[in-house]
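User: I am new to this structure. Could you take a close look at one part of it and explain, step by step, how that part is put together?

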Amino acid sequence: MDNPLTPRNLDALASLAWAWSLDFVPRIVSAAIVLCLGMFVAQWASRSIARLLVGAPHVDPTIRPILASTVRYVVIVLVLIAALSQIGVQTTSLLAVLGTAGLAIGLALQGTLSNIAAGIMLIWLRPFRIGDYVEVVAGNPIAGTVREIGLFASLIETYDGILVFAPNSTIWNFPLRNHTRNQRRLLSFAVGLPEKSDFERARAVLLGWLAADPRVLKKPPPDVFVDRLDGGESSLVCRLWAAPPDVGALQRDWIARATDRLAAADSGALAPHRIARIVPPDSDPSRLMAADLGATD
């Protein structure tokens with residue numbers, strides 16, 4: 001059997017390798033340079049767009065991260081196509097391959113694609129914006145301030161400073177409560193008084209104090225009414241409206257301040273037995289009254 005590694009064959013192989021190196025290595029080097037420069041340009045373009053949008057007050061803060069991310073991904077895709085063309089890959093056939101691969105990847109990553117679709121719907125319908133305090137009523141409830149809405153997930157900061165990376169599909173597929181969107185929130189408190197208390201006097205004390213509190217909205221006005229009369233104790237319901245930033249402070253100090261005001265009136269005759277914050281049930285007619293008041297301009 002003839003030996004294939006003859007000097008003539010070795011010279012031919014060396015010549016072929018040298019010719020291949022002269023033809024292909026520069027392409028690989030140029031493709032690597034295009035990739036490195038392209039990744040740098042993609043990062044720079046994303047940061048530049050983000051800084052530019054910060055200075056554009058007419059652009060909603062909710063869509064700023066989305067626009068910056070979109071620019072980055074578009075530049076990366078163009079760079080990859082340009083790098084592959086440098087090494088001789090036909091972009092027309094590449095697009096066909098990418099289409100087939102995209103279909104296969106899409107079937108394999110249905111959850112990820114659902115997050116992208118949910119992110120687009122969140123941006124389009126705007127159930128919340130950056131800075132809104134929201135509550136996602138899911139199996140594991142999520143509540144906090146929205147810090148960022150991305151293509152795949154949103155960042156929500158909880159009240160104790162923890163950042164939650166919430167998939168967009170989770171936010172989209174479950175009921176969501178936006179605690180910030182409306183300009184006023186209703187607070188209701190039940191005040192338990194002795195049976196023989198002067199209800200009109202107690203009502204005047206509470207209304208006078210609420211009228212003087214700048215955190216309580218004057219329109220719709222606060223309301224105090226008798227909710228229950230039974231043996232040993234009677235109950236007043238105090239209902240007031242406040243702006244969302246003031247709701248937390250009112251919830252924390254209203255009970256103590258109302259107790260002090262009533263206890264100081266009429267030599268302690270109006271000292272309450274109990275005060276508790278309440279949420280009227282769906283069957284309570286006062287919910288309709290609250291809705292009517294809330295719709296008042």
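Analyst: A starting point for reading burial is C36, which counts as exposed because its relative accessibility is 56%, and the cut-off for exposed is over 50%. The model is predicted, and every value here is computed from it. C36 belongs to helix 1, residues 7-54. Its C-alpha atom is separated by 9.2 Å from that of V79, a residue 43 places away along the chain.

Some background on the chain helps before the close look. The protein chain has eight helices and nine strands. Of its 297 residues, 30% are buried. Among contacts between residues at least 6 apart in sequence, 65% join residues at least 24 apart.

The part to look at is where helix 6 meets helix 7. Two packed helices are described by the angle between their axes and the distance between the axes. Helix 6 covers residues 199-212 and helix 7 covers residues 244-264; they pack at an angle of about 130°, and their axes lie 10 Å apart. That angle makes helix 6 oblique to helix 7, because it falls neither over 145 degrees, which would be roughly antiparallel, nor within the 65 to 115 degrees of roughly perpendicular. The crossing of helix 6 past helix 7 is right-handed.

Which residues make this contact? From helix 6 come A202, V205, L206, W209 and L210, and they meet W254, R257, A258, R261 and L262 of helix 7. Sorted by class, the contact holds eight nonpolar residues, two charged ones and no polar ones.

Two residues of that contact, W209 and W254, lead on to the aromatic rings. A pair of aromatic rings is described by the distance of the centres and the angle of the planes. Searching the whole structure gives two aromatic pairs. One of them joins F189 and W254: the ring centres are 4.2 Å apart, the planes differ by 10°, and the pair is stacked. F189 sits in strand 6 (residues 185-194) and W254 in helix 7, 65 residues apart, and the pair thus links distant parts of the chain. Are these two residues buried or exposed? F189 counts as buried because its relative accessibility is 0%. W254 also has 0% relative accessibility and therefore counts as buried.

W254 has another partner in W209: their ring centres are 5.5 Å apart and their planes stand at 40°, so this pair is tilted. Here too distant parts of the chain are linked, with W209 in helix 6 and W254 in helix 7, 45 residues apart. W209 is buried, because its relative accessible area is 4%, and the cut-off for buried is under 20%. Taken as a group, F189, W209 and W254 form one aromatic cluster.

Helix 6 also holds L207. What is its burial state? L207 is partly exposed, because its relative accessible area is 22%, and that value lies between the cut-offs of 20% and 50%. Leaving aside residues up to four places away in sequence, L207 touches P222, D223 and V224. From L207 to V224 the C-alpha distance is 7.1 Å, and 17 residues separate them in sequence.

To draw this together, W209 and W254 both take part in the contact of helix 6 with helix 7, and both belong to the aromatic cluster. F189, the remaining member of that cluster, comes from strand 6.

Notes. Residues numbered from 1 in each chain as written. Predicted model: local features only at pLDDT ≥ 70, side-chain atom pairs only at ≥ 80, totals over all residues. Heavy atoms only, no water. Axes fitted to C-alpha atoms, helices over the stretch in contact; angles between N-to-C directions. Helix = DSSP H or I, 4+ residues; strand = E, 2+ residues; numbered from the N terminus. Parallel < 35°, antiparallel > 145°, perpendicular 65-115°, else oblique. Left-handed = near helix turned anticlockwise from the far one by under 90°. Contact = heavy atoms within 4.5 Å. Nonpolar A, V, L, I, M, F, W, Y, C, P; charged D, E, K, R; others polar. Phe/Tyr/Trp six-rings, centres within 6.5 Å; stacked < 30°, edge-to-face > 60°. Buried < 20%, exposed > 50% of the residue type's maximum accessible area, 1.4 Å probe, protein only.
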